[in-house]
Amino acid sequence: MELFANKREKGVLDMVDLLVFKQGKVVKIGNLVFSVVFNVLGNICFSRDMVKLDDERGTSEMKGHIWKFMECGTTPILADFFPIFDGIDIQGQKKKAKKCLDNLFKVWEGIIKKRREEQHCNESDVKKHGDFLDLMLANGFSDDQINYMLLEIFPAGTGTLTSTIEWAMAELLRNKEVLNKLYSELKKVINSNPIQESTIFQLPYLNACIKEVLRLHPPIAFLPHYASETCQVMHYTIPKDSLVFVNLWAIGHDPKIWDDPFSFKPERFLNSNLDFKGQDFEFLPFGAGRRMCPGLPFATKQVHLILACLVYHFEWSLPNDGDPLMLDMNEKYAVPLQREKPLLLVPTRK
Ligand code: HEM
């Protein structure tokens, strides 16, 4: 994780450069963050950018493939409820999923092929890139293994981070006091130095804001798990092997746990030991236990960096001087949890 700090930092520097150029213009925050994260992951996996940050069409197309894939993975399948339909693709879901997979595999197919060819050259000519692909090839992974490994990383990483930053910016815009407090903290700690990963964890208010966003808008609202043994939960018996959904959204909004649960109040996380590392069951945005999110160390670093840069370097307003208090905050249930209306903002350099 530490080795890749420069790749995460480069991603946000590219983002700042683009936003300077986009001053006064409308920016679709979700698309921007998606392409930043997609490129950071591209650099970690293949040592290269995957999309042009200002190529709206390319980004939308790539995002479309990933979103469709997530949709396929989360659409209820009739055969799961009525096993009699097992083997018949009555909803056409298998066909759709196969198409999604093919589209995604095409994204990196050429890169893997080229790297394999390089490997067949003289051993001394093999260029070491120091990325995940090098590692997978050196360990003899087949194309299928690489494809499915990358399939875990890219959709899980891009969607969740995009959703978190979009919600964070929307909440900050609607809560000017919080935004100002966050900016003061950033100004004091960063003090005109380049924003680095080593600095961002010295920012307790930024950390509290991110936790509050994840409480109110957990990117993954339901965690599907199987009961590994029969157990009692409250007065209910949960038989072994039953599918259980942990409703993270409901836990995060439970008035028995949270005071004024629907309000955005990062202060509740200041001077509190509540963390998202899976030990505090009232706050589990990354899950808990053995199936907990393996991307947590990457995600927290990247989210802190992106949000710090967006707030530190730019003033933000709504198109046509819209009133942030009128911003539509409706959620659309999907994985990840999305805004019903994409967030459009106008940056001005501070
Ligand atoms: C704010 C960002 C993120 C949140 C809130 C989040 C949350 C979660 C949650 C709740 C789960 C399911 C845990 C469970 O079943 O108990 C999960 C799984 C997963 N996450 Fe994340 N995640 C985030 C970012 C990332 C990133 C950046 C990556 C990779 C680069 C990633 C990779 C994965 C993978 C591969 C799984 C599946 C693990 C498995 O099936 O066992 N996540 N994530």
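**Close-up 1. Lysine 341 and its salt-bridge partner in a predicted model**. Lysine 341 is partly exposed, with a relative accessible area of 47%. Its partner in a salt bridge is aspartate 328, and the closest N and O atoms of the two are 3.0 Å apart. Lysine 341 sits in the loop between β8 (338–339) and β9 (344–349), while aspartate 328 belongs to the loop between β6 (314–317) and β7 (331–332), so the pair ties together parts that are 13 residues apart in sequence. Aspartate 328 also counts as partly exposed, at 21% relative accessibility; the cut-off for buried is under 20%.

**Close-up 2. A buried salt bridge between aspartate 131 and arginine 115**. Here the two side chains meet with an N to O distance of 2.9 Å. Arginine 115 is in helix α5 (93–120), and aspartate 131 is in the loop that runs between α5 and α6 (132–138), so the contact ties together parts that are 16 residues apart in sequence. Both partners are buried: the relative accessible area is 4% for aspartate 131 and 5% for arginine 115.

**Close-up 3. Other salt bridges to look for**. Side chains of opposite charge can pair when their charged atoms come close. The structure holds 15 salt bridges, including one between lysine 277 and aspartate 275, where the closest N and O atoms are 3.5 Å apart. Take a look, too, at Lys10, Asp14 and Asp49, which are linked in a network of salt bridges.

**Close-up 4. Cys293 and the iron atom of the ligand**. The SG atom of Cys293 lies 2.3 Å from the iron and is the single donor that the protein gives to this metal. To find cysteine 293 along the chain, go to the loop between α11 (248–252) and α12 (296–313).

**Close-up 5. Helix α12, the helix that follows the cysteine 293 loop**. This helix has 18 residues and reaches 26 Å from its first C-alpha to its last, close to the 26 Å expected at 1.5 Å a residue. Helix α12 is mostly covered, with 17 of its 18 residues buried.

**Close-up 6. A nonpolar patch on the surface**. Leu78, Phe81, Phe82, Ile84, Ile88 and Ile90 together make this patch of about 650 Å². One of its members, isoleucine 88, lies in the loop between α4 (78–81) and α5. Isoleucine 88 is exposed, with a relative accessible area of 52%.

Definitions and conventions. Residues numbered from 1 in each chain as written. Predicted model: local features only at pLDDT ≥ 70, side-chain atom pairs only at ≥ 80, totals over all residues. Heavy atoms only, no water. Donors = N, O, S within 2.8 Å, 3.2 Å for Na, K, Ca; no water. Helix = DSSP H or I, 4+ residues; strand = E, 2+ residues; numbered from the N terminus. Expected span 1.5 Å × (residues − 1). Buried < 20%, exposed > 50% of the residue type's maximum accessible area, 1.4 Å probe, protein only. Salt bridge = Lys/Arg side-chain N within 4 Å of Asp/Glu carboxyl O. Patch = residues over 30% accessible without salt bridge, like charges linked within 9 Å, V, L, I, M, F, W, Y side chains within 5 Å. Areas by Shrake-Rupley, 256 points an atom, 1.4 Å probe, with all protein chains shown as cover.
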